[in-house]
Amino acid sequence: MTPFQTIESIIKAAGSNGAAVTEIKIPGIKPVSIKASVSRYWQKGLLFRVGYGKHIRYFTTEVEAMAYNWPARLTEIKAEIAENAKARYQRRLDAKREGRKFVRVDPFPQFAEVVRKCGKRGASIAHLETELNLPRGTLLSRIKTYLDKGVLVRVGQSTVTRYFLDQQAASAYASAVERRTKPKGAASPWRAETPTKRNTTHQPRLPVEIINPGVPIQQIPCSNDYRFSVSPHFKGEFTREWQEKRA
């Protein structure tokens, strides 16, 4: 069974409501790879999706995607957000009335568990975004907070950034990457520190003249060639007439 057939069977098994990327789980395949594959199949037109952000649902046929009642689902999502906001406000209000401090649920244990499961390779932004199901802005904000607190270590730059929970694992990964990316054929320490420079000046090659012994060398003078220039003795018609009349 091909990867597409496996993903297609999982989406079909999800029913008429389709399947989100987080619901597609294949043993031995990372969620990041599954997300990339599903997105690639959607771009090729093999899958269809409805929704936006983390509420995207995938379908195997366009008919099923069109039949999905997205407006009703959007109304449910807005209602859930409103209810969560009301419940959060009510908890804060109860804590204030009882004279105790409202303590929010710390998201770091879940974050740390995802990073720990990544092992010695560390966790990437895409993997964290998929596992935690968080918007990119919220995820980056939390990462910055954890880095400032010193509970998270970052290695690399841009798209090759990895995150670890301790400095030892981060250093081991950085050393492995440095060994793997070391250019081949590096200069040997036994070579001279200042290599000799090559002479790059251009030396024109002069024609070689071969003169047999006993042959006299003659120098034949030649007059100036005015085939492609004007002789200084030439005078125009206007100048010639002016000189004649003047004389």
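**Figure 1. Surroundings of Glu-131 in helix H6****.** In this predicted model, Glu-131 touches Pro-31 and Val-114, when residues up to four places away in sequence are not counted. Glu-131 belongs to helix H6 and is partly exposed, with a relative accessible area of 35%. The view also takes in Gln-110, which lies 21 residues from Glu-131 along the chain. The C-alpha atoms of Glu-131 and Gln-110 are separated by 9.8 Å.

**Figure 2. Packing of helix H2 against helix H6****.** Helix H2 is formed by residues 31–43, and helix H6 by residues 125–132. The two helices pack at an angle of about 90°, and their axes are 9 Å apart. That angle makes H2 roughly perpendicular to H6, since angles of 65 to 115 degrees are counted in this way. On the H2 side, the contact is made by Pro-31, Val-32 and Lys-35. On the H6 side, Ala-126, His-127, Glu-129, Thr-130 and Glu-131 take part. Sorted by class, the contact of H2 with H6 has three nonpolar, two polar and three charged residues. Glu-131, one of the H6 residues in this contact, is also the subject of Figure 1, where Pro-31 appears among the residues that it touches.

**Figure 3. Burial of helix H6 within the protein****.** Six of the eight residues of H6 are buried, so this helix is largely enclosed by the rest of the structure. The buried residues of H6 are Ile-125, His-127, Leu-128, Glu-129, Thr-130 and Leu-132. They pack against H2, helix H5 (108–117), helix H7 (136–149) and strand S4 (162–164). Among the buried residues, His-127, Glu-129 and Thr-130 also appear in the contact with H2. After H6 comes Asn-133, which has a positive phi, near 55°.

**Figure 4. Contacts of Phe-108 in helix H5****.** Phe-108 is found in helix H5, one of the elements against which the buried residues of H6 pack. With its neighbours within four places in sequence left aside, Phe-108 is in contact with Tyr-146, Val-151 and Leu-165. Ile-143 is 35 residues from Phe-108 along the chain, and the C-alpha atoms of these two residues are separated by 9.8 Å.

**Figure 5. Packing of helix H1 against helix H2****.** Helix H1 comprises residues 3–13 and packs against H2 at an angle of about 90°, with the axes 11 Å apart. H1 and H2 are therefore roughly perpendicular to each other. H1 contributes Pro-3, Phe-4 and Ile-7 to the contact, while H2 contributes Ser-37, Val-38 and Tyr-41. These residues divide into five nonpolar, one polar and no charged. H2 thus appears in two of the views, here with H1 and in Figure 2 with H6.

**Figure 6. Ala-19 in the loop between H1 and H2****.** Ala-19 is placed in the loop between the two helices of Figure 5. Its relative accessibility is 1%, so Ala-19 counts as buried, the cut-off for which is under 20% relative accessible area. Residues up to four places away in sequence being excluded, Ala-19 touches Ile-11, Ala-14, Ile-24, Ile-56, Arg-57 and Tyr-58. Thr-60 is 41 residues from Ala-19 along the chain, with a separation of 9.8 Å between the two C-alpha atoms.

**Figure 7. Length and buried residues of helix H4****.** Helix H4 runs over residues 70–97 and has 28 residues. From its first C-alpha to its last, H4 reaches 40 Å, close to the 40 Å expected at 1.5 Å a residue. The buried residues of H4 are Trp-70, Ile-77 and Ala-95. Strand S1 (48–50) is included in what covers them.

**Figure 8. The close-up regions in the setting of the protein.** The protein contains nine helices and four strands. Along the sequence, these elements follow the pattern α-α-β-β-α-α-α-α-α-β-β-α-α. Of its 247 residues, 21% count as buried; Ala-19 is one of the buried residues, and Trp-70 of H4 is another. Among contacts in the protein with a separation of 6 or more, 40% are accounted for by residues 24 or more positions apart. The protein exposes about 20,300 Å², of which carbon and sulfur atoms supply 55%.

How values were computed. Residues are numbered from 1 along each chain as its sequence is written. This is a predicted model: local features need pLDDT of at least 70, side-chain atom pairs count only at pLDDT 80 or more; totals for chains, interfaces and linings use all residues. Side-chain values use heavy atoms; hydrogens and water are left out. Axes are lines fitted to C-alpha atoms, for helices over the stretch in contact, and angles run from 0 to 180 degrees between N-to-C directions. Angles under 35 degrees count as roughly parallel, over 145 as roughly antiparallel, 65 to 115 as roughly perpendicular and the rest as oblique. Contact means heavy atoms within 4.5 Å. Ala, Val, Leu, Ile, Met, Phe, Trp, Tyr, Cys and Pro count as nonpolar, Asp, Glu, Lys and Arg as charged, and the others, Gly among them, as polar. Buried means under 20% relative accessible area, exposed over 50%, partly exposed in between (1.4 Å probe, protein chains only). Accessible areas come from the Shrake-Rupley method with a 1.4 Å probe; for residues, only the protein chains shown count as cover. The expected span of a helix is 1.5 Å times one less than its number of residues.
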